[in-house]
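Colleague: Could you walk me through this structure, feature by feature? I would like to hear the general idea each time and then the case at hand.

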Amino acid sequence: MLTLVIPLFYYENQTKMKTSRNPELELAEAYVKYTDRNVFLTGKAGTGKTTFLHKIRKEVFKRHVVLAPTGVAAINAAGMTLHSFFQLPFGLHLPGAKREESNRFRMSRRKLSMIRNLDLLIIDEISMVRADMLDAVDEALRRHRRNPYPFGGVQLLLIGDLHQLPPIVKEDEWELLSRHYDTPFFFSSRALREAGFVPIQLQHIYRQQEEHFISLLNKIRKGCFDDEVFDMLNSRYRPDFTPAPDEGYITLTTHNAIADDINQQRLAKIQAPTTRYKATIEGNFPEHAYPADPELELKPGAQVMFIKNDPSPFDKRYFNGKIGYVTRLEQDCVYVQCPGESEEIPATPLVWDNVKYEHDPATNTIKEEVIGSFEQIPLRLAWAVTIHKSQGLTFDKVIIDAEAAFAHGQVYVALSRCRTFEGVVLRTPIRRRSLHTDSKVQSFSEESARKAPSPEQLRSDQARYQEKIILELLDFRRLKDAIEALNRSFLEHSGSFTGDPGKQLSALAGMVTDKLLATSATFGQQLKQSYFTEGQMPEEHSALQERLRKAGSWYASVLSGELLPAAADIRLVSDNRTVLENARKQMQEIEWQLFSKKMLFEKLASEGFSVQACLQTRIAAEIAFEKWKISRQLHESEDQVPTDASHPDLYRRLLEYRQLAANRTGTAPNNVLPAAVINQIASFLPITPRHLRQLKGFGKKRFEEYGPEVLKIVMDFCEENGLSPAPPPENTREHSLRLFEEGLTVAEIARERGLQPSTILGHLTGFIEKGRVPVHKLIDQKTLEHIQSVIEKNPEISYSELKARLGDDIGYGEIRAVQAHLRFLKQVDG
């Protein structure tokens with residue numbers, strides 16, 4: 001088997017098909033597809049960065065998303081904004097600072113699942129991303145993926161040109177940021193420095209073909225502003241140039257105010273009545289910060305641009321930067337028709353808040369306060385746009401008004417939007433004060449050029465990535481974590497479930513430990529010592545391939561023949577819908593881990609190891625699991641009988657009865673007979689009132705309402721099947737207590753009863769509060785004093801916060817035991 005080290009890359013010109021080798025793009029593609037290294041892809045304007053992005057998103061088998069810092073850039077990249085995807089609050093994100101909880105957004109389960117399964121994060125127009133924003137992305141990925149590595153272990157593809165538009169940073173913001181960062185640019189990100197990246201600079205320019213124009217742009221990019229540059233630039237100065245309406249010129253300006261003047265002139269030429277929309281301004285909202293015109297003037301046929309993202313949670317019909325033309329004007333609504341769309345978009349007033357940010361050293365938080373608001377139709381005229389809005393776009397004819405250029409890279413961006421030098425018209429001459437360079441950007445770019453990766457480094461990175469994927473295949477920690485999470489739910493809601501799913505889960509956990517965890521740890525060490533040290537690419541290592549095929553066959557057999565059936569036998573039955581829904585989601589995570597590993601090992605057994613096969617199979621597994629999950633859910637909904645029910649047929653009769661009784665009385669079915677009560681009846685077959693009343697949950701009131709009918713159902717069932725009632729059950733908690741009083745330890749009781757030690761600790765905790773079990777017999781004195789101290793110092797904090805402060809070394813069961821002990825002491829003190 002041969003490893004594809006560098007794929008062929010072909011650039012497709014928009015006007016005619018043209019193929020050419022591009023070594024830098026081929027190298028970048030190899031790094032993105034066949035390694036896990038972070039990549040910074042940069043290059044001059046028009047070198048194919050956007051083409052490369054679209055090629056990667058079509059071909060890569062890694063699960064990926066494409067994001068960008070602004071709405072326009074995101075749409076150009078067919079992606080989302082960083083803020084929208086990660087639901088980040090606007091403002092600064094200082095390292096270590098905590099935002100107020102009210103500023104946090106609740107992320108949907110679907111979004112969380114997407115983030116946790118992410119392999120590759122592509123960020124376009126990275127030059128406009130601040131360092132603190134990239135660190136905020138890192139924080140979100142680590143938190144949501146529960147992964148301590150930089151960016152939660154996700155590979156980054158960062159695309160952009162630092163010589164174009166920089167991030168927007170106000171003076172007061174930089175005053176705070178400069179305490180933590182050398183520069184506001186993304187390369188100063190702490191997380192990125194920790195993670196490292198491979199810089200690849202593109203050389204060949206496709207947008208412009210004229211050598212003299214390319215040379216001019218290169219000089220401006222590098223800050224070489226000699227007389228020849230200014231002479232050539234200003235040869236395109238045409239102060240009186242007025243294009244015909246059908247010539248297709250678009251004006252690029254440095255400031256919104258200049259664009260507004262041009263737009264007003266074009267608006268005046270439309271022979272139609274003007275409709276005015278006045279903004280509602282409240283509180284502190286200075287005029288220089290207005291996000292839209294305080295009085296918006298529109299006519300039918302006017303070219304407009306949306307200046308705010310659609311806040312609707314569903315439709316999302318427009319975004320900041322979307323262009324169209326006005327079709328209808330009403331009192332509080334403007335209808336806009338956008339190219340390529342069949343329906344008009346209604347634009348109604350939206351609100352912008354003026355927010356003040358301050359860092360509070362005492363609490364280490366960034367606080368925000370709304371001090372004013374601005375409400376207006378989210379549109380502006382768009383015959384002219386700012387240079388900032390034009391980044392990433394290509395034009396045939398532009399009129400540039402850049403005399404007032406104020407930001408690094410503005411003139412370069414404006415000029416490089418145009419395909420030809422002859423297509424450029426300067427409305428104002430370019431002077432030295434209009435050109436800006438940043439020495440730190442120049443220094444970083446030169447250093448990146450020196451660090452370009454060699455073919456040998458690529459091959460080494462490929463080999464390391466293949467080894468990593470093999471070891472991840474043998475890693476079952478997520479399965480172990482999922483089982484532990486479900487076990488905690490059983491402990492916290494032990495009275496909510498019918499039957500004993502905890503015992504079944506304990507059996508599954510034992511099988512996972514014996515069959516998977518121990519075996520994989522040993523096998524992984526063997527691979528590291530015997531194969532990964534030989535310097536061969538795993539895909540090309542014939543002896544390793546044979547070993548992996550055999551291992552794949554064994555693992556697939558264990559997963560499909562033992563573990564998946566054992567998991568499928570765990571039937572979750574509860575009348576508590578919230579608890580049941582949460583437990584089913586946790587059970588689905590267990591099943592997903594088993595199911596996906598089964599498919600991966602089956603592929604390994606049949607075809608051997610390859611990166612592409614693993615990535616493809618992982619995606620196929622997600623699709624197959626969804627179908628399997630639907631069939632499993634249908635099965636669960638059809639049969640609510642626990643798998644360990646002693647008499648399933650009687651259980652079903654009682655379910656039918658409680659539904660009829662519920663319909664008759666107008667109450668909920670679980671109020672007639674809870675599932676736990678039905679399970680006891682089906683297990684012990686009570687045929688006398690005394691016997692029925694002995695069951696937990698069948699009190700006097702329930703017996704008076706339903707007892708006689710239930711007894712008849714049971715007696716009929718026993719008579720039909722020749723059965724006799726079983727003796728009344730011993731309460732499971734009392735059973736554990738009896739064994740504890742006989743001198744058995746928690747571990748010994750767990751082994752005898754076939755349960756987890758944490759389950760037994762939960763049983764005994766209930767007796768601590770009653771004074772029947774001394775807490776010091778369950779928890780050592782040092783741990784007891786530590787937990788007690790934290791609880792007493794923080795009496796108002798939530799249970800989850802308490803667990804977080806105590807750390808991973810102390811379990812939930814120990815915390816509950818100490819809390820029960822404190823309640824007992826309070827009762828004694830009276």
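Modeller: Gladly. Let's begin with a single residue: at 0% relative accessibility, Phe151 counts as buried. Please keep in mind that this is a predicted model.

Colleague: Where does Phe151 sit in the chain?

Modeller: Phe151 belongs to the loop between helix 6 (131-145) and strand 6 (155-159). Its backbone deserves a look too. Most residues other than glycine have a negative phi. Phe151, however, has a positive phi near 55 degrees, and Phe151 is not a glycine.

Colleague: What can you say about the phi of Leu685?

Modeller: Leu685 is not a glycine either, and its phi is positive, at about 50 degrees. This residue lies in the loop between helix 23 (675-684) and helix 24 (689-693). Leu685 has a relative accessible area of 2%, so it is buried.

Colleague: Let me step back to the whole chain. How many helices and strands does it have?

Modeller: There are 31 helices and 21 strands in the chain. Of its 830 residues, 49% count as buried. Contacts can also be sorted by how far apart the partners are in sequence. Among contacts in the chain with a separation of 6 or more, 72% are between residues 24 or more positions apart.

Colleague: How do I read the packing of two helices?

Modeller: Two packed helices are described by the angle between their axes and the distance between the axes. Take helix 26 (residues 732-741) and helix 28 (residues 757-768): their axes come within 9 Å and cross at roughly 90 degrees. That crossing makes helix 26 roughly perpendicular to helix 28.

Colleague: Which residues of helix 26 and helix 28 meet?

Modeller: Helix 26 brings Thr732, Arg733, Glu734, Ser736, Leu737 and Phe740, while helix 28 brings Ile760, Gly762, His763, Leu764 and Phe767. Sorted by class, this contact between helix 26 and helix 28 has 5 nonpolar, 4 polar and 2 charged residues.

Colleague: Now the rings, please. How many aromatic pairs does the structure hold?

Modeller: The structure holds 23 aromatic pairs. To read one, look at the distance between the ring centres and the angle between the planes. Phe476 and Phe601, for instance, form a stacked pair at 6.3 Å centre to centre, with 20 degrees between the planes. The pair links distant parts of the chain, with their positions 125 residues apart in sequence: Phe476 is in the loop between helix 15 (455-473) and helix 16 (477-492), and Phe601 is in helix 19 (residues 577-607).

Colleague: Are Phe476 and Phe601 buried or exposed?

Modeller: Phe476 counts as buried because its relative accessibility is 3%. Phe601 is buried as well, at 1% relative accessibility. Phe601 also pairs with Tyr555: the ring centres are 4.6 Å apart and the planes are at 20 degrees, so this pair is stacked. Here too distant parts of the chain are linked, since Tyr555 is in helix 18 (residues 542-568) and Phe601 in helix 19, 46 residues apart. Tyr555 is buried, with a relative accessible area of 2%.

Colleague: Which residues do ring pairs link into a cluster?

Modeller: That cluster consists of Phe40, Phe185, Phe186, Phe187, Phe197 and Phe444. A charged side chain can also lie over a ring. Lys597 lies over the face of Phe476, at 5.1 Å from the ring centre. Arg328 does so over the face of Tyr335, at 3.8 Å from the ring centre.

Colleague: And which residues does Tyr325 contact?

Modeller: Leaving aside neighbours within four places in sequence, Tyr325 is in contact with Gly301, Ala302, Gln303, Val304, Tyr335, Val336 and Gln337. Tyr325 lies in strand 13 (residues 323-329) and is partly exposed, with a relative accessible area of 42%. Between Tyr325 and Ala302, 23 residues apart along the chain, the C-alpha separation is 5.4 Å.

Colleague: One last residue: where is Ser373 found?

Modeller: Ser373 is in strand 17 (residues 365-376). With 17% relative accessibility, Ser373 counts as buried. Beyond its neighbours within four places in sequence, its contacts include Thr280, Glu282, Phe285 and Trp352.

Methods. Residues numbered from 1 in each chain as written. Predicted model: local features only at pLDDT ≥ 70, side-chain atom pairs only at ≥ 80, totals over all residues. Heavy atoms only, no water. Axes fitted to C-alpha atoms, helices over the stretch in contact; angles between N-to-C directions. Helix = DSSP H or I, 4+ residues; strand = E, 2+ residues; numbered from the N terminus. Parallel < 35°, antiparallel > 145°, perpendicular 65-115°, else oblique. Contact = heavy atoms within 4.5 Å. Nonpolar A, V, L, I, M, F, W, Y, C, P; charged D, E, K, R; others polar. Phe/Tyr/Trp six-rings, centres within 6.5 Å; stacked < 30°, edge-to-face > 60°. Buried < 20%, exposed > 50% of the residue type's maximum accessible area, 1.4 Å probe, protein only. Lys NZ or Arg CZ within 6 Å of the ring centre and 35° of its normal.
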